[in-house]
Amino acid sequence: MDKKIITNPRTNRWVPVIELHVQDLNLSWRQISEKVDVSYDTILYWTKMPEFMEACYDHYMQIHGSKAQYVVEALYREALEGNVRAIELYLKHTGKY
């Protein structure tokens, strides 16, 4: 987790919420609120804050970013097989589209 978030008194309440969200993207914000004992309305308010969503994304990439390579490789294989949508996505990913 980003050191800025942990040391900032305002945002350190975000840490358990972000951790649960990153570990299981299938959990709803309501389920997360119940697990971490933070009001659902508070979490909804946070989700409207760009810095909260950026913190979620940054932590997700720290934890799962290396897996993106496998997705791109699978996309490449599909493109080679002639999957038009995969070709389009791969070209967009590489900046050639």
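**Exercise 1.** State whether Trp46 and Phe52 are buried or exposed, then describe how their rings are arranged.

*Solution.* Trp46 is buried, and Phe52 is buried as well. The model is a predicted one. For Phe52 the relative accessible area is 0%, and a residue counts as buried under 20%. The ring centres of Trp46 and Phe52 lie 5.8 Å apart with the planes at 40°. Planes under 30 degrees apart would be stacked and over 60 edge-to-face, so the pair of Trp46 and Phe52 is tilted.

**Exercise 2.** Find how many aromatic pairs the whole structure holds, and place the pair of Trp29 and Phe52 along the chain.

*Solution.* A search of the whole structure gives five aromatic pairs. One of them joins Trp29 and Phe52, with 6.0 Å from centre to centre and 55° between the planes, a tilted arrangement. Trp29 belongs to helix α3 and Phe52 to helix α5; with their positions 23 residues apart, the pair links distant parts of the chain. Trp29 has a relative accessible area of 19% and is therefore buried. Trp14, Trp29, Trp46 and Phe52 together make one aromatic cluster.

**Exercise 3.** Determine which helices supply the largest nonpolar core.

*Solution.* Start with the elements: the chain has seven helices and zero strands. The largest nonpolar core has 16 residues, and those touching the most other members are Trp14, Val17, Ile18, Ile32, Ile43, Trp46 and Phe52. At least two residues of this core come from each of α2 (14-23), α3 (29-36), α4 (40-47) and α5. The most come from α2, which gives five. Next, take Ile43 as one member. Beyond its neighbours within four places in sequence, Ile43 contacts Val17, Trp29, Ile32, Ser33 and Val38.

**Exercise 4.** Classify Asp58 and Leu91 by exposure, and locate each in its helix.

*Solution.* Asp58 sits in helix α5, which covers residues 50-64. Its relative accessible area is 34%; the partly exposed class lies between 20% and 50%, so Asp58 is partly exposed. The C-alpha atoms of Asp58 and Val22 are 9.8 Å apart, although 36 residues separate the two along the chain. Leu91 is found in helix α7, residues 84-93. With 30% relative accessibility, Leu91 is also partly exposed. Ile87, Leu91 and Tyr97 make a nonpolar surface patch of about 290 Å².

**Exercise 5.** Give the buried share of the chain and the makeup of its exposed area.

*Solution.* Of the 97 residues, 29% are buried. The chain exposes about 6,900 Å², and 54% of that area comes from carbon and sulfur atoms.

Methods. Residues numbered from 1 in each chain as written. Predicted model: local features only at pLDDT ≥ 70, side-chain atom pairs only at ≥ 80, totals over all residues. Heavy atoms only, no water. Helix = DSSP H or I, 4+ residues; strand = E, 2+ residues; numbered from the N terminus. Buried < 20%, exposed > 50% of the residue type's maximum accessible area, 1.4 Å probe, protein only. Core = buried A, V, L, I, M, F, W, Y, C linked by side-chain atoms within 4.5 Å. Contact = heavy atoms within 4.5 Å. Patch = residues over 30% accessible without salt bridge, like charges linked within 9 Å, V, L, I, M, F, W, Y side chains within 5 Å. Areas by Shrake-Rupley, 256 points an atom, 1.4 Å probe, with all protein chains shown as cover. Salt bridge = Lys/Arg side-chain N within 4 Å of Asp/Glu carboxyl O. Phe/Tyr/Trp six-rings, centres within 6.5 Å; stacked < 30°, edge-to-face > 60°.
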